[in-house]
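I opened my notebook for a friendly walk through this one. My plan is to begin with a single helix and what it leans on, then move outward.

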Amino acid sequence: MCRIVIFGNSCAGKTTLATSLGKDLMIPVYHLDLWFRDKNMQRIKQLRRRRRKFRRQLDKVVEQKEWIIEGWGYFETYDIRFEKADVIIFLDLSPEECKKRLMNRENYRKKDGTVDKRILNNHLHKIDKFHQTNRLLILELFQKYEGTYEKTLFPIVKKFNYDQLMTALKNIVS
């Protein structure tokens with residue numbers, strides 16, 4: 001049984017890491033960003049109703065035996081993810097690094113190749129907001145669970161060696 005949660009700013013590498021870990025450990029992966037983009041979720045106009053739907057989906061997932069959940073989603077659900085996870089990975093990259101990675105992505109470009117400044121500025125704002133607000137909440141939860149026997153915490157602040165992380169995780173999983 002292994003439950004892994006991955007937190008990190010936008011463009012920190014959460015999806016890439018979760019996908020690789022899911023494949024190598026043969027554990028189902030849940031990408032919270034996809035939940036937000038789901039057409040059924042988008043149809044819910046009231047934020048409160050959308051949050052309740054999100055929480056219901058999350059509650060079902062965290063009761064499963066094995067999972068990898070990645071994404072920052074609603075900060076109101078950080079506590080349950082920390083509580084239910086065996087392994088907590090925080091990709092704590094600087095906003096500058098995340099913005100640099102964003103600029104290498106193509107998802108803010110229009111079909112004609114030009115930059116959609118509205119989307120780009122919105123994404124840049126989200127990176128700053130995460131660092132100013134959500135990051136602090138995650139660090140508080142890290143402190144709360146630090147030294148707890150049943151939790152393994154991996155704060156990652158720079159480029160890491162995937163093979164070393166896999167070795168550590170395989171020792172935990174087995």
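**Entry 1: a helix and its neighbours.** I began with the contacts of helix H1: its buried residues pack against strands E1, E2 (29-31), E3 (67-70) and E4, and against helix H8 (162-173). I kept in mind that I am looking at a predicted model.

Which residues of H1 are buried? I listed Lys 14, Leu 17, Ala 18, Leu 21, Gly 22 and Leu 25. They lie on the same side of H1, because the arc they cover around the axis is only 130 degrees. I reminded myself that an α-helix has 3.6 residues a turn, so residues three or four places apart point the same way. Turning to the other side of H1, I found Thr 16 and Lys 23 exposed.

I then checked the length of H1, which takes in residues 14-25. Its twelve residues reach 16 Å from the first C-alpha to the last, close to the 16 Å expected at 1.5 Å a residue. Past the end of H1 I noted Met 26, with a positive phi near 55 degrees.

**Entry 2: helix H7.** Next I looked up H7, residues 117-145. Its 29 residues should span 42 Å at 1.5 Å a residue, and I read 40 Å between the end C-alpha atoms, which agrees.

Where does H7 bend, and by how much? I found the bend at Phe 130, and it is about 45 degrees. Phe 130 is also one of the buried residues of H7. The others on my list are Leu 120, His 123, Ile 127, Asn 134, Arg 135, Ile 138, Leu 141, Phe 142 and Tyr 145.

What do these buried residues pack against? I noted strands E1 (3-8), E4 (87-91) and E5 (152-156), plus helices H5 (78-84) and H6 (95-103). Strands E1 and E4 are thus partners of the buried residues of H7 and also of those of H1. Just after H7, I saw that Gly 147 has a positive phi of about 85 degrees.

**Entry 3: the whole chain.** Stepping back, I counted eight helices and five strands in the protein chain. Reading from the N terminus, I wrote the order down as β-α-β-α-α-α-β-α-β-α-α-β-α.

Of the 174 residues in the protein chain, 41% are buried. I also looked at contacts between residues at least 6 apart in sequence: 69% of them join residues at least 24 apart. For the surface, I noted about 10600 Å² exposed by the protein chain, with carbon and sulfur atoms supplying 50% of it.

Conventions. Residues are numbered from 1 along each chain as its sequence is written. This is a predicted model: local features need pLDDT of at least 70, side-chain atom pairs count only at pLDDT 80 or more; totals for chains, interfaces and linings use all residues. Side-chain values use heavy atoms; hydrogens and water are left out. Helices (H or I, at least four residues) and strands (E, at least two) are DSSP runs, numbered from the N terminus. Buried means under 20% relative accessible area, exposed over 50%, partly exposed in between (1.4 Å probe, protein chains only). Contact means heavy atoms within 4.5 Å. Accessible areas come from the Shrake-Rupley method with a 1.4 Å probe; for residues, only the protein chains shown count as cover. The expected span of a helix is 1.5 Å times one less than its number of residues. The bend at a residue is the angle between axes fitted to the seven residues ending there and the seven starting there. The arc is that of the directions from the helix axis to the C-beta atoms.
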